[in-house]
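Here are some exercises to work through with the model open in your viewer. Try each task before you read its solution.

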Amino acid sequence: MNLRIQEHRKRAGYPSARAFAEDHGYNVKTYTNWEQSAAMPPLEKAWELADIFGCAIDDLVGRKSPSAGVLISEDERRILDDYRACTPERKREAAQYVRERREFSEERATGSTSYDKAVNE
């Protein structure tokens, strides 16, 4: 669990475990033990951490949730983690970009593009 907690902490902009622990009211030694897997956080604290980092507990422990019905690749997980770290404005821009690329791919698959439709009208 240490690698995922540490990874999320760094992604949240905290260069050290001490800075994160102090900012969020955790005992520094206790939090450091969680990152180093010397101790496991109680479930209640794991939920808190997941909420702070904006992720699921499964993400903290690196578990690919079977309950979702779909396992995602490491590339997809990285994209999702990067997306979650963005500002709301950047998330909207990223979602729009992905929609446009998907539509373009669908148009290419059918042999028709928006340009072709505009020219033929």
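**Exercise 1. Work out whether Cys55 is buried or exposed, then do the same for Cys86 and look for disulfides.**

Keep in mind that this is a predicted model. Start with Cys55: its relative accessibility is 11%, and since the cut-off for buried is under 20%, Cys55 goes down as buried. Next, take Cys86, which comes out at 31% and so counts as partly exposed. Last, run the disulfide search, where sulfur atoms have to be within 2.5 Å of each other. The search returns zero disulfides.

**Exercise 2. Find out how many helices and strands the chain has, and how far you can trust them.**

Count the elements to begin with: you should get eight helices and zero strands. Reading from the N terminus, that gives α-α-α-α-α-α-α-α. Now colour by confidence. The chain has an average pLDDT of 84, and 83% of its residues reach at least 70. Confidence peaks in helix 2, at 96, and bottoms out in helix 8 (residues 114–120), where the mean is 53.

**Exercise 3. Describe the surroundings of Arg4 and name its salt-bridge partner.**

First, place the residue: Arg4 sits in helix 1. Then check its accessibility. With a relative accessible area of 13%, Arg4 is buried. Which residues does it touch, once you skip those up to four places away in sequence? The list is Asp59, Leu60, Val61, Gly62, Arg77 and Asp81.

Now for the partner. The side chain of Arg4 makes a salt bridge with that of Glu7, at 3.0 Å from N to O. Both residues belong to helix 1 (residues 2–11) and are three residues apart, about one turn of the helix. Glu7 has a relative accessible area of 29%, so it is partly exposed. Finally, follow the charges outward: Arg4, Glu7, Arg11 and Asp81 join up in a network of salt bridges.

**Exercise 4. Set the salt bridge of Asp59 and Arg84 beside that of Arg90 and Glu93, and say where each pair lies in the chain.**

A reminder before you start: side chains of opposite charge can pair when their charged atoms come close.

Take Asp59 and Arg84 to begin with; their closest N and O atoms are 2.6 Å apart. This pair ties together distant parts of the chain, with Asp59 in helix 5 (residues 57–61) and Arg84 in helix 6 (residues 74–84), 25 residues apart. On accessibility, Asp59 is buried at 6%, while Arg84 is partly exposed at 33%.

Move on to Arg90 and Glu93, whose closest N and O atoms are 2.7 Å apart. These two are about one helical turn from each other, because they are three residues apart in helix 7 (residues 88–110). Arg90 is partly exposed at 48%, and Glu93 is partly exposed too, at 37%.

To finish, scan the whole structure for such pairs: the total is 12 salt bridges.

**Exercise 5. Map the largest nonpolar core and look at what surrounds Tyr31.**

Step one is the size: the core holds 14 residues. Step two is to pick out those with the most contacts inside it, namely Phe20, Tyr26, Tyr31, Leu49, Phe53 and Leu60. Step three asks which helices each supply at least two residues of this core. They are helix 2 (17–24), helix 3 (28–35) and helix 4 (43–53).

Now zoom in on Tyr31. Ignoring neighbours within four places in sequence, Tyr31 is in contact with Ile5, Arg9, Ala17, Phe20, Ala21, Tyr26, Leu49 and Phe53.

Zoom out for the whole-chain numbers. Of the 121 residues, 22% count as buried. The chain exposes about 8500 Å², with 52% coming from carbon and sulfur atoms.

**Exercise 6. Say what stands out about the phi angle of Ser37, and where the residue lies.**

Recall the usual pattern first: most residues other than glycine have a negative phi. Then read off Ser37, whose phi is positive, near 60°, although it isn't a glycine. As for location, Ser37 is in the loop between helix 3 and helix 4. Ser37 has a relative accessible area of 37%, which makes it partly exposed.

Methods: Residues numbered from 1 in each chain as written. Predicted model: local features only at pLDDT ≥ 70, side-chain atom pairs only at ≥ 80, totals over all residues. Heavy atoms only, no water. Salt bridge = Lys/Arg side-chain N within 4 Å of Asp/Glu carboxyl O. Helix = DSSP H or I, 4+ residues; strand = E, 2+ residues; numbered from the N terminus. Buried < 20%, exposed > 50% of the residue type's maximum accessible area, 1.4 Å probe, protein only. Core = buried A, V, L, I, M, F, W, Y, C linked by side-chain atoms within 4.5 Å. Contact = heavy atoms within 4.5 Å. pLDDT = per-residue confidence, 0-100. Areas by Shrake-Rupley, 256 points an atom, 1.4 Å probe, with all protein chains shown as cover.
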